[in-house]
Amino acid sequence: MVTIELARVQNDYGFEATDANGHVVRMDTSPESGGQNFGVRPMQMLLMGVAGCSAIDVISILKKQRQEVRDYKMTVNGEREAGKEPSLWKDVTLDFHLYGNVDEEKARRAVDLSMEKYCSVSATLKAAGADIKWNVFVHP
């Protein structure tokens, strides 16, 4: 079992969550809802989670294949359901940018494996009904 601790540390909606290893993440709601931009919105943290989860998978797979990844960047775009409560992620698109001496087919296969088999965050979003798409870009 994993234990996460949450404490209110700034005004009404400024929270810090601490994971089992002591890492801290700040969270807040939007200014329109009374927040003060103290930290990440919890729903956006899910998109950060899918990016981090998949990045770890992809780099691990490519390292095993002896691919030289010099740099790695991602963008994640998400659209939530309109007019619903709760408002879940409906459409999510991930753009994977790999830099270095990387075989494009191996990069695509690594991303596919992550998104379809290994990434637990991706599986969680899919189970909640999100349509997830991705693009892979290999840059020399």
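Reply: Before we look around, one definition: helices and strands are DSSP runs, of at least four residues for a helix and at least two for a strand, numbered from the N terminus. Keep in mind as well that this is a predicted model.

Me: Got it. How many helices and strands does the chain have?

Reply: There are three helices and six strands. Reading from the N terminus, the order is β-β-β-α-β-β-α-α-β. The C-alpha trace spans about 50 × 35 × 30 Å along its principal axes.

Me: And which loop holds Asn37?

Reply: Asn37 sits in the loop between β3 (24-27) and α1. Its backbone is worth a look, too. Most residues other than glycine have a negative phi. Asn37, which is not a glycine, has a positive phi near 60°. Asn37 is also exposed, at 51% relative accessible area.

Me: Where does Arg66 lie?

Reply: Look in the loop between α1 and β4 for Arg66. Its phi is positive as well, about 60°, although Arg66 is not a glycine. With a relative accessible area of 75%, Arg66 is exposed.

Me: What about peptide bonds? Which residue is joined to Pro86 by a cis bond?

Reply: The general idea is that most peptide bonds are trans. Here, the bond between Glu85 and Pro86 is cis, with omega about -5°. You'll find Pro86 in the loop between β4 (68-80) and β5.

Me: Now helix packing. At what angle do the axes of α1 and α2 cross?

Reply: To read a pair of helices, look at how close the axes come and how they are turned. For α1 (residues 42-64) and α2 (residues 104-118), the axes come within 9 Å and cross at roughly 130°. An angle over 145 degrees would count as roughly antiparallel, and 65 to 115 as roughly perpendicular. The angle of this pair fits neither range, so α1 and α2 are oblique to each other. The crossing is right-handed.

Me: Which residues make that contact?

Reply: On the α1 side there are Val50, Ser54, Asp57, Val58, Ile61 and Leu62. From α2 come Lys106, Ala107, Ala110, Val111, Leu113, Ser114, Met115 and Tyr118. By class, that contact has 10 nonpolar residues, two polar ones and two charged ones.

Me: How far apart are the axes of α1 and α3?

Reply: They are 7 Å apart, and α1 packs against α3 (residues 120-127) at an angle of about 135°. This pair is therefore oblique. Leu46, Gly49, Val50 and Cys53 of α1 meet Ser120, Val121, Ser122 and Leu125 of α3. The contact of α1 with α3 divides into five nonpolar and three polar residues, with no charged ones.

Me: Let's try some strand residues. Is Asp91 buried or exposed, or in between?

Reply: Use the cut-offs: under 20% relative accessible area is buried, over 50% is exposed, and partly exposed is in between. Asp91 has 30%, so it is partly exposed. This residue belongs to strand β5 (residues 89-101). Setting aside residues up to four places away in sequence, Asp91 touches Asn77, Gly78, Glu79 and Asp131.

Me: What does Val138 touch beyond its sequence neighbours?

Reply: Not counting residues up to four places away, Val138 touches Leu98, Val102, Glu104 and Ala107. Val138 is in strand β6 (residues 131-139), and at 24% relative accessibility it is partly exposed. Separation in sequence and separation in space are two things to read side by side. The C-alpha atoms of Val138 and Tyr72 are 9.5 Å apart, with their positions 66 residues apart along the chain.

Me: And how far is Leu6 from Ile61, C-alpha to C-alpha?

Reply: That separation is 34 Å, for two residues 55 apart along the chain. Leu6 lies in strand β1 (residues 5-10) and counts as exposed at 52% relative accessibility. Leaving out neighbours within four places in sequence, Leu6 is in contact with Phe15, Glu16, Ala17 and Met27.

Me: Last one, for the whole chain: what share of the 140 residues is buried?

Reply: Buried residues make up 31% of the chain. The accessible surface comes to about 8,900 Å², with 50% of it belonging to carbon and sulfur atoms. As for contacts with a separation of 6 or more, 48% are between residues 24 or more positions apart.

Terms used:
Residues numbered from 1 in each chain as written. Predicted model: local features only at pLDDT ≥ 70, side-chain atom pairs only at ≥ 80, totals over all residues. Heavy atoms only, no water. Axes fitted to C-alpha atoms, helices over the stretch in contact; angles between N-to-C directions. Parallel < 35°, antiparallel > 145°, perpendicular 65-115°, else oblique. Left-handed = near helix turned anticlockwise from the far one by under 90°. Contact = heavy atoms within 4.5 Å. Nonpolar A, V, L, I, M, F, W, Y, C, P; charged D, E, K, R; others polar. Buried < 20%, exposed > 50% of the residue type's maximum accessible area, 1.4 Å probe, protein only. Areas by Shrake-Rupley, 256 points an atom, 1.4 Å probe, with all protein chains shown as cover.
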